[in-house]
Amino acid sequence: MHWSAALLVALALLGAATALGFVLRARSGRVVVSRGGGADASTAAAALGVEPAAFGERATLVQFSTALCSRCPGTARQLGALAAGTEGVRHLEIDLTDEPALAARFAVLQTPTTLVYDGAGRQRARIGGPPRTEELAELLDSLTRRTRVQS
Amino acid sequence: MSRAEPTAIDPRGPRFSAAITAALLLVDVVLGLAGAELAAWLLLAALALLFAWGAFAGVARHPFGLLYRRLVRPRLAPPAELEDPRPPTFAQGVGLLVAGTGVVLGALGLPLAVPIAAAAAFLAAFLNAAFGFCLGCQLYLLLIRARVIRPARPLAGSLR
């Protein structure tokens, strides 16, 4: 291949990588509304392998992490603070490092992945990547039926 | 794999290293495609050695990481938060695997493997440097799901 052609291929590679980066960034952290699957809190808790008592009264943020996830600790702090500041909302962090079956059951392809359950134990949303705080706060408001003061 | 907490690092260090690595990998793609086969192979071999350094000694001791600490970090504000060095260290291992495959196949008489491996490694390094995505870290979960990586502790002790 000629030098100019090789340079063009490299430029195309750079362009493709940039485009991929923008696509990933646009999708990362979006709150994707689920179809409300799952029957009740105890079924949802059993599927996740946690005690039903660990679920929140109004909503539960279930965060999937692994031991080697650069952005999971930050997400855990973010979701922990959100849960602490919203009544009836709990945050659960599940380490998938030892749970390949759980990762397969919930089709987790990236960490952190966050599932949002309502008070009845139905899955209401799924978030891949560190959640966008504003979008998640809006969803939690609708789940906890609490209106926020517009700033 | 150790579960002991290692010293936290400035997350901008690995991204700085990834930027230099990505630039060199892109140069390697051009060299490999333009027919400078020996130069491309030597550069990829050098980069594979750097990946090995990062993977086995840890990202904190990677030469580009040391460069960051000496020259760049003193000029910047302190980081907003520190980060666990294990995910980027694991990603260095993934980089070693990709670059190493290209080096071995290149030595076996497949010169096109060198720019292809360099292009794959470039994609991961570029996304890390420019967008903060750690593809190597995400691969860890997929390897767990494929049961390539075995749980570090037996499941018998777990309630789940």
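Let me start with a cluster of four rings, A:Phe22, B:Phe122, B:Phe126 and B:Phe131, which are linked to one another through ring pairs. I should say at once that this is a predicted model, and that what I describe was computed from it.

To place that cluster, let me turn to the helices around it. Helix 1 of chain A, residues 3-27, packs on helix 5 of chain B, residues 113-131, at an angle of about 50°, and the two axes are 10 Å apart. That angle makes helix 1 of chain A oblique to helix 5 of chain B, since an angle is called oblique when it falls outside the ranges for roughly parallel, roughly antiparallel and roughly perpendicular. The crossing of helix 1 of chain A over helix 5 of chain B is right-handed.

Which residues meet there? On the side of chain A, helix 1 contributes A:Leu13, A:Leu14, A:Ala17, A:Thr18, A:Leu20, A:Gly21, A:Phe22, A:Leu24 and A:Arg25, while helix 5 of chain B contributes B:Ala119, B:Phe122, B:Leu123, B:Phe126, B:Leu127, B:Ala130 and B:Phe131. Sorted by character, the residues of this contact are 13 nonpolar, 2 polar and 1 charged.

Now to the rings themselves. Over all chains, the count of aromatic pairs comes to 7. One of these joins A:Phe22 and B:Phe131, with 5.2 Å from centre to centre and 80° between the planes, and it is edge-to-face. This pair crosses between the chains, running from helix 1 of chain A to helix 5 of chain B.

Are its two partners buried or exposed? A:Phe22 has a relative accessible area of 48%, so it is partly exposed, whereas B:Phe131 has a relative accessible area of 10% and is therefore buried. B:Phe131 also pairs with B:Phe126, and because their planes stand at 70°, with the centres 6.3 Å apart, this pair is edge-to-face. B:Phe126 is buried as well, at 14% relative accessibility, because the cut-off for buried is under 20%.

Finally, let me step back to chain B, which carries three members of the cluster, B:Phe122, B:Phe126 and B:Phe131. Its secondary structure consists of 6 helices and 0 strands, and the pattern along the sequence reads α-α-α-α-α-α. Of the 160 residues in chain B, 46% are buried. If we take the contacts within chain B that have a separation of 6 or more, 75% of them are between residues 24 or more positions apart.

Methods
Residues numbered from 1 in each chain as written. Chains lettered and ligands numbered in written order. Predicted model: local features only at pLDDT ≥ 70, side-chain atom pairs only at ≥ 80, totals over all residues. Heavy atoms only, no water. Axes fitted to C-alpha atoms, helices over the stretch in contact; angles between N-to-C directions. Helix = DSSP H or I, 4+ residues; strand = E, 2+ residues; numbered from the N terminus. Parallel < 35°, antiparallel > 145°, perpendicular 65-115°, else oblique. Left-handed = near helix turned anticlockwise from the far one by under 90°. Contact = heavy atoms within 4.5 Å. Nonpolar A, V, L, I, M, F, W, Y, C, P; charged D, E, K, R; others polar. Phe/Tyr/Trp six-rings, centres within 6.5 Å; stacked < 30°, edge-to-face > 60°. Buried < 20%, exposed > 50% of the residue type's maximum accessible area, 1.4 Å probe, protein only.
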